[in-house]
Amino acid sequence: MQLTVWTYEGPPHIGAMRVATAMRGLHYVLHAPQGDTYADLLFTMIERRDARPPVTYTTFQARDLGSDTAAIFKDAVAAAYERFRPEAMIVGASCTAELIQDDPGGLAKALALPIPVIPLDLPAYQKKENWGASETFYRLVRTLAVPVKPAAPRETRRPLCNILGPTALGFRHRDDLVEIRKLLDALGIDVNVVAPLGASPSDLGRLGAADFNVVLYPEIARAAGQHLQKTFGQPMVETVPIGVAASIRFVEEVATIAGVDPSPVLSGAPSRLPWYSRSVDSTYLTGKRVFIFGDATHALAAARIAATELGFKVVGLGSYAREFAREIRAEAALHGIEATITDDYLEVEAAIQASAAELVLGTQMERHIAKRLGLPCAVISAPIHVQDFPARHSPQMGFEGANVLFDTWVHPLMMGLEEHLLGMFREDSEFHADAAPSHLGPGHSPVPPPSAGYDTHASRGPHGSPLLAGEGQGEVCDLSGDGPHLTPALSFQERETGAPPIEPSRIEERPSSGCVNPGAPAEEGGSSGALHSTWAPDAEKELRKIPFFVRGKARANTERFARERALPLITVETLYDAKAHFGR
Amino acid sequence: MNAHAPLTAFESEHGLEIRQERGQRAVFCGLTGIVWLHRKIQDAFFLVVGSRTCAHLIQSAAGVMIFAEPRFATAIMDERDLAGLADMNDELDAVVSRLVARRPEIKLLFLVGSCPSEVIKLDLSRAAQRLSRSLAPDVRVLSYSGSGIETTFTQGEDACLASLVPEMPAEAANAEPTLLVVGALADVVEDQFARIFSEMGIGPVRFLPARRAGAMPPVGENTRYLLAQPFLADTARALEERGATRLAAPFPLGAEGTTGWLKAAADAFGVAAGRFAAATAPGLRRAEQALAPYRAMLRQRRIFFFPDSQLEIPLARFLSREMGAELVEVGTPYLHRGHLDREMALLPRGTRIVEGQSLDDQMDRCRQARPDLTVCGLGLANPLEAEGLATKWSIELLFTPIQGYDQAGDLAELFARPLVRRTRLEV
C-alpha cells in the first residue's frame with residue numbers, strides 16, 4: 001500500500017483511452033464502475049476535445065454485483081457496436097472490474113461481432129498509464145497490421161515511412177507531428193500512416209506498406225515499432241528529435257535509412273537556438289544549475305540540451321518512468337550525478353532542494369514545487385494542465401521545437417542584462433543580493449519555508465488589478481501577474497473548485513481603510529477629497545470570507561457604493577447592499 | 001451500464017412525469033465529495049483506500065488544491081495487498097501511522113472506501129475501530145464509502161455526514177428545542193443563515209458538519225433539523241434514529257426557496273409572522289434586486305438537466321418559478337421523494353423528471369430537443385458546445401456559494417453567463 005497525494009501517471013486504462021481517443025473508427029468498451037467516466041474530462045477539458053472519447057463504460061453499481069455483471073458487459077459491447085459501428089473495438093477492465101474477474105475478451109468474443117475485437121489485459125495494480133498506452137497500441141498493431149505489398153518498386157517512388165507514437169493527451173504531440181512531417185517532406189519522404197493519432201483501424205492494416213518506422217515517443221510506440229521490425233523487417237528510427245543536435249542526428253538517420261540526401265534540410269541555419277545561445281546576452285546562462293524531471297523521453301532530451309546547447313549545469317535528473325530507469329541513470333552518470341527515479345513528488349521536492357538548482361524543468365508538479373521554493377521553472381513533460389495544450393503552434397521536436405525550447409526555458413530566468421545590472425547595483429536596497437527574478441513578484445524570498453508557499457499569490461493578489469478585474473468566481477483570473485510562462489492562469493480545476501490554494505488567513509490584505517493608499521488601483525478618484533467610509537469590524541470580517549481572488553473587487557465596489565451614498569460606516573448590510581447593486 | 005433498460009412508463013406525482021432510466025452513467029463517484037468536505041472540517045483528513053484510479057480521480061477533481069498540503073490522500077492498493085487480507089490491515093495501519101506522524105494537527109481521520117476496497121470486502125469500519133483505539137485520544141478514526149458502485153457524487157457527503165452522526169454528543173433530554181442545519185455550506189452562507197435565525201429569535205442553531213472535528217453539534221429528541229442540501233438521505237435517517245425531527249421544506253436556493261426554508265424553521269419554533277417578515281425583508285429585497293437583471297436573459301429559455309448532484313430539481317424549480325425558464329427534462333441521479341416533496345409540488349405540471357441515466361439515449365433526447373441551455377458535467381459540456389448547444393457545467397454549482405438570499409443573484413448569473421457569452425462572441 002502506497003500513500004499518495006499526487007500521481008504522475010493514471011492507471012493503465014487511461015493509457016488505453018489515450019490511444020482510442022487519438023484514433024478514428026475505434027471504440028473502447030471499458031468494464032468499469034460508476035464514476036470512472038471522470039476520465040472523459042481529461043480529454044474534453046484539458047485537451048479541449050470537441051467530442052466525447054470513443055469509450056463506453058459499463059458503469060456497474062453495487063446492486064449489479066449480485067447479478068450478472070458479465071451480462072451487463074456483453075450488452076454494453078453489443079449496444080456500442082450497434083450505435084457507433086466502429087471498424088474495430090478494444091475491450092478491457094478497469095481496476096475494479098479486474099477484481100470481479102469477468103472476462104471481457106471472452107465475453108466479447110462470444111458476441112461474434114463482424115469486426116476485430118481486441119481484448120486488453122492491463123494489470124491495474126502493477127502497471128500505469130504509459131504502459132497501458134504502449135500495450136494497447138502494440139496489441140492493435142499486432143492484431144491489425146497485415147503484410148501489404150508496397151504500391152510500387154522502391155526504385156520508382158519516394159521513400160515511405162510510418163510515424164508512430166502521438167496520442168491524445170500527449171504533451172505537444174499535435175505540434176511535434178507537424179514539425180516531423182515538415183522535416184520528412186523536406187527530405188523527400190512520404191508518410192504512409194501516422195498512428196495512433198488520427199489513424200483508423202484500417203490505417204493500421206496498411207502499416208506494413210512503409211519502408212521504415214519513425215518512433216517519436218518510445219514510451220508509447222517502442223513495443224509496436226519492435227513488433228513491426230520483427231514482423232515486416234521495417235527498420236526503426238528511435239532518435240527523439242528534441243533539441244538541435246538530436247534533430248540533426250534524427251535527420252541524418254532518417255536520410256540514411258531512406259537513402260536520401262540530408263543536406264537540403266541541414267544546410268543554412270535551420271534553428272535559431274545555436275545563435276541565440278552564442279549571443280552575448282546568453283553568457284549568463286553558463287553553468288546555471290538546472291534540475292530536470294519528467295517522462296523519460298523529455299527528461300533525457302532536456303538533459304542533453306541543457307548541458308550542450310544552453311551551457312547549463314545539470315544538477316539533478318530524474319523520471320517517474322521506471323521502465324526507462326536504466327537510460328536515465330546512464331545519462332545522469334554523464335553529468336556526474338545520481339538519478340532520481342521515483343513517482344513520489346515529495347522525493348522529487350527533496351531532491352530539488354538538495355540540488356540547489358536555479359532552474360527547474362519538469363512537469364506540472366515540479367512547476368508547483370518550484371513555485372513553493374521560489375525557483376524559476378518551465379514545463380517539459382506530462383502530466384500537464386490545460387495551459388500546456390496551447391492554441392498556438394508550440395512543438396518540442398525539430399528545429400522549430402528547439403526555438404520554442406530556448407524561449408520557454410530562458411524566459412523564467414532573468415535576462416542577461418537584467419542580471420548584470422542587478423549585480424552592479426547589488427548593494428542598493430532594491431537590488432540586494434537575495435533579490436529574486438523580477439517576474440516572481442514583490443516581496444518574494446528566494447527559498448521560503450515550504451509552509452509559506454504561494455506567497456506570489458498572496459503578495460500580488462490584493463494589489464494586482466488584473467486579478468481583481470475578474471467578474472466572479474468562475475472567471476479566468478490570472479493570479480500570476482506578469483509571468484504566464486511561469487505561473488499561468490488558473491487551470492480549469494482551480495476555477496472549478498473556486499478554492500484558493502492557500503488558507504485565506506495567509507493572504508495579506510490591504511490596509512483595512514481603503515483610502516489610505518493613494519496608489520491603490522481600485523480607488524478611482526481616491527484623491528478627489530470625497531467622503532471616505534470606514535469599515536465596521538464585522539463587515540471587515542465578512543469581507544474576508546469572500547474568496548481572495550474576488551475580494552478586492554468586492555471591497556472596491558462596496559467602498560464606491562458607500563461613497564456614492566455618503567455612508568460614513570460600511571456595515572455588513574452595506575456590503576450585501578452593494579453586492580446586490582453591482583451584482584449584474 | 002448497469003443493466004441497460006429503456007425509459008419506463010411515466011408515473012404521476014404532483015402532476016409531474018417521473019421516469020426511471022438505467023444504462024451507462026456519466027457521473028462522478030462519491031469520493032469527489034472529499035474535495036469540498038476537507039475544506040469544511042478543518043482538522044479532518046480523508047484517506048481513500050483504493051486504486052491508482054481513485055488517486056487520479058481526486059487529483060483531476062481537486063486540481064491545484066493537490067499542491068497545498070491538502071488534507072486528503074490515497075492509500076493505493078497494489079498486487080501484494082490483494083494477496084491476503086490480514087496483510088492488508090497491517091499495511092493500512094502502517095500507512096495511517098506514517099500519516100498521523102506527518103500531520104500531527106489532524107484530529108479526525110476518515111477512512112474512505114472505494115470500489116476496489118468494497119469489492120474485496122476490506123472491512124474499513126473494523127479498521128477504523130482498531131485505529132481509533134490505538135490512536136486515542138489524539139485522533140478519532142471513522143469510515144464511510146465513497147465508492148462509485150454505492151454513491152454518486154454528492155452522496156459521498158451524505159455517507160460522510162452519516163458516519164459522523166453516531167459520534168455526535170447526546171443532547172440533554174430536557175433541552176429546549178434546537179435547530180440543526182444539515183449539509184456543508186460555505187462559511188459565508190452559514191453565517192448569513194445564523195444571523196437571520198438569530199434575528200427571528202431561533203436558537204441555539206447549529207450546523208452539521210461543524211468546522212472542527214471536536215465541535216460536532218449535539219443531537220437528541222428535541223433536535224429539529226433542516227436539510228440544506230437535497231442529497232442527505234442516509235444522514236437524515238441516522239439523525240432520526242437519534243430522535244431528531246426533520247422540518248419539511250424546500251431547499252434554500254433562490255429567494256422563494258430560501259424563504260420557504262426559513263419559514264419551515266420559523267413555524268416549528270413559533271416565530272410570529274411579523275418578526276419573520278422583518279428578519280427576511282432585507283434579504284428578500286436584495287435578492288429581488290439582484291435577480292431582476294437576469295430575468296430577461298433566462299425568461300422562456302428552455303433548459304435541460306443531465307443528472308449529477310441531486311440539486312437538479314431545486315435548481316429547476318428556481319429557474320422556472322423565479323426566472324421564468326422552461327424545463328425540457330430534469331435528470332437526477334437519485335430522487336428522494338420524501339425530501340423533495342416540497343420542491344416537486346412547486347414544479348410546473350407536466351415537468352419531465354428522469355431518475356437515473358442511459359447516457360447515449362439521454363444525449364439523443366437532448367440533441368433532439370435542442371434546449372437553449374444544457375446543465376451537464378465537464379465530460380459532456382465541450383462536446384455539446386461543439387454541437388452548437390449552450391451548456392452550463394454543473395460542478396460549479398457545488399463549489400460556489402449559491403444558497404440564501406445574498407447568493408440568489410450569483411446563482412442566476414451562473415446560468416445566464418454562458419448565454420451572455422454566446423451573444424458576445426463574434427467569431
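This passage describes the parallel sheets, a few individual residues and the internal cavities of a predicted two-chain model.

The structure is a predicted model, in which local features need pLDDT of at least 70 and side-chain atom pairs count only at pLDDT 80 or more, while totals for chains, interfaces and linings use all residues. Residues are numbered from 1 along each chain as its sequence is written, chains are lettered from A and ligands numbered from 1 in the order in which they are written, and side-chain values use heavy atoms, with hydrogens and water left out.

Chain A makes a good place to start. It holds 25 helices and 16 strands, where helices (H or I, at least four residues) and strands (E, at least two) are DSSP runs numbered from the N terminus. Of its 584 residues, 61% are buried, a term that stands for under 20% relative accessible area, with exposed meaning over 50% and partly exposed in between (1.4 Å probe, protein chains only). Contact is taken as heavy atoms within 4.5 Å. Among contacts in chain A between residues at least 6 apart in sequence, 71% link residues at least 24 apart.

An open sheet of four strands in chain A follows the order β7-β6-β8-β9, with parallel pairing. Its edges are β7 (190-195) and β9 (236-237) of chain A, each with a single partner strand, so one side of each has no neighbour in the sheet. Two strands are said to pair if DSSP finds at least two bridges between them. Strand β6 (residues 160-164) and strand β8 (residues 212-215) of chain A are joined in the parallel sense by four bridges, and A:Leu164 stands opposite A:Val215 in β8(A). Helix α10 of chain A packs on this sheet, touching β6, β8 and β9 of chain A, and its direction makes about 165° with that of β8(A). Another helix, α8 (residues 173-186) of chain A, lies across β6 and β7 of chain A and runs at about 165° to β6(A). For these angles, axes are lines fitted to C-alpha atoms, for helices over the stretch in contact, and values run from 0 to 180 degrees between N-to-C directions.

Within α10(A), the buried residues include A:Pro218, A:Ile220, A:Ala224 and A:Leu228. Just after this helix, A:Gly233 adopts a positive phi of about 65°. Elsewhere in chain A, A:Ser277 belongs to helix α13 (residues 273-278). A:Ser277 counts as buried because its relative accessible area is 18%. Not counting residues up to four places away in sequence, A:Ser277 touches A:Ser282, A:Glu309, A:Leu310 and A:Phe406.

Chain B also has an open sheet of four strands with parallel pairing, in the order β8-β7-β9-β10. The edge strands are β8 (205-208) and β10 (245-246) of chain B, each pairing on one side only. Four bridges join β7 (residues 178-182) of chain B to β8(B) in the parallel sense, and B:Leu208 in β8(B) is the bridge partner of B:Val182. Helix α10 (residues 254-268) of chain B lies across β7 and β9 (223-227) of chain B, at about 175° to β9(B).

B:Leu208 is also one of the contacts of B:Val165, along with B:Thr235, B:Ala238, B:Leu239 and B:Arg242, leaving aside neighbours within four places in sequence. B:Val165 sits in the loop between α7 (155-164) and β7 of chain B, and is buried because its relative accessibility is 1%.

Attention now turns to empty space. On a 1 Å grid over the protein atoms alone, a cavity is a set of points where a 1.4 Å probe fits but cannot get out, and lining residues have an atom within 4 Å of a point. Grid points are joined across faces, edges and corners, and a volume is the space filled by probe spheres set on the points. The count comes to 13 cavities of 30 Å³ or more.

The largest cavity encloses about 420 Å³. Its lining has 33 residues, with A:Tyr8, A:Glu129, A:Ala382, A:Pro383 and A:Ile384 nearest its centre. α2(B) gives the most to this lining, with three residues. By class, the lining has 15 nonpolar, 13 polar and five charged residues, where Ala, Val, Leu, Ile, Met, Phe, Trp, Tyr, Cys and Pro count as nonpolar, Asp, Glu, Lys and Arg as charged, and the others, Gly among them, as polar.

The second largest cavity has a volume of about 150 Å³. Its lining divides into ten nonpolar, four polar and two charged residues.

Methods. 1 Å grid on protein atoms, 1.4 Å probe; cavity = no way out; pocket = protein on both sides within 12 Å on 5 of 7 lines; lining within 4 Å.
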